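Subject: Structure for your review

Dear colleague,

Please find below the structure that I am handing over to you. I would be grateful if you could look through it alongside the notes that come after it.

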Amino acid sequence: MNKFRSFAVIMIFGVFISIQSHAQVHVGVYHSGLINQVGVGTDNEKQYFGELRLLATDIIDFPFGVEGMFHRNFKRGEWVNLHAGIMLGINDEGNGRFGIPLGLTFKPIAAHRNFAVLMEATPNVYLSPGSGDISIRTNIGLRYSFRKEKE
């Protein structure tokens, strides 16, 4: 439990510093089967951006988890961004996870590009002792960026 708290404090502090330095943030809600996530991150229109995600599920006794996502936009367009990165996560049982998220961010409303739809696939390797299991998590979600619209 102490490892989880230390990791969570470091991640929250890191995202807070990133948000303060960029002064523009995005928030998102993502759905992946039984597990949902709530995220907050830096400006996803920049070449590099980060996000802190909290697992949010309605399953009783499901381990609470936190993830740090660090992305690079490979294509930034008016309608779509293509990005990939690294994900590090841990839950309150001390189980870790490493992943490589690949995502598309669609901006479907021409007059309001701050609203976006995220589609993402993340191959995961679980780092719990004796595990090393591999899975692929897929997400679809909504994202909103708090920044000034381009005029």
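The notes below set out what was found, from the overall make-up to some particular residues.

Please bear in mind that this is a predicted model. The protein has 151 residues, of which 40% count as buried. Its secondary structure comprises one helix and nine strands, and the order from the N terminus is α-β-β-β-β-β-β-β-β-β. Where contacts link residues at least 6 apart in sequence, 47% of them join residues at least 24 apart.

Strand β4 (residues 65–76) pairs with two strands described here. With strand β3 (residues 48–56), the pairing is antiparallel and runs over seven bridges. With strand β5 (residues 80–91), β4 is also antiparallel, and 11 bridges join the two. The connection from β4 to β5 is a hairpin of three residues. M69 offers a convenient point of reference: this residue of β4 is the bridge partner of E51, and it stands opposite M87 in β5.

Turning to the surface, the protein exposes about 8600 Å², and 67% of this area is supplied by carbon and sulfur atoms. A nonpolar patch is formed by F70, I86, L88, F98, I100, L102, V125, L127 and I134, which together have about 800 Å² of accessible area. One of these residues, F98, belongs to strand β6 (residues 96–99). F98 has a relative accessible area of 31% and is therefore partly exposed.

Yours sincerely

How values were computed:
Residues are numbered from 1 along each chain as its sequence is written. This is a predicted model: local features need pLDDT of at least 70, side-chain atom pairs count only at pLDDT 80 or more; totals for chains, interfaces and linings use all residues. Side-chain values use heavy atoms; hydrogens and water are left out. Two strands pair if DSSP finds at least two bridges between them. Helices (H or I, at least four residues) and strands (E, at least two) are DSSP runs, numbered from the N terminus. Patches are made of residues with over 30% relative accessible area and no salt bridge: like charges are joined within 9 Å, nonpolar side chains (Val, Leu, Ile, Met, Phe, Trp, Tyr) within 5 Å. Accessible areas come from the Shrake-Rupley method with a 1.4 Å probe; for residues, only the protein chains shown count as cover. A salt bridge is a side-chain nitrogen of Lys or Arg within 4 Å of a carboxyl oxygen of Asp or Glu. Buried means under 20% relative accessible area, exposed over 50%, partly exposed in between (1.4 Å probe, protein chains only). Contact means heavy atoms within 4.5 Å.
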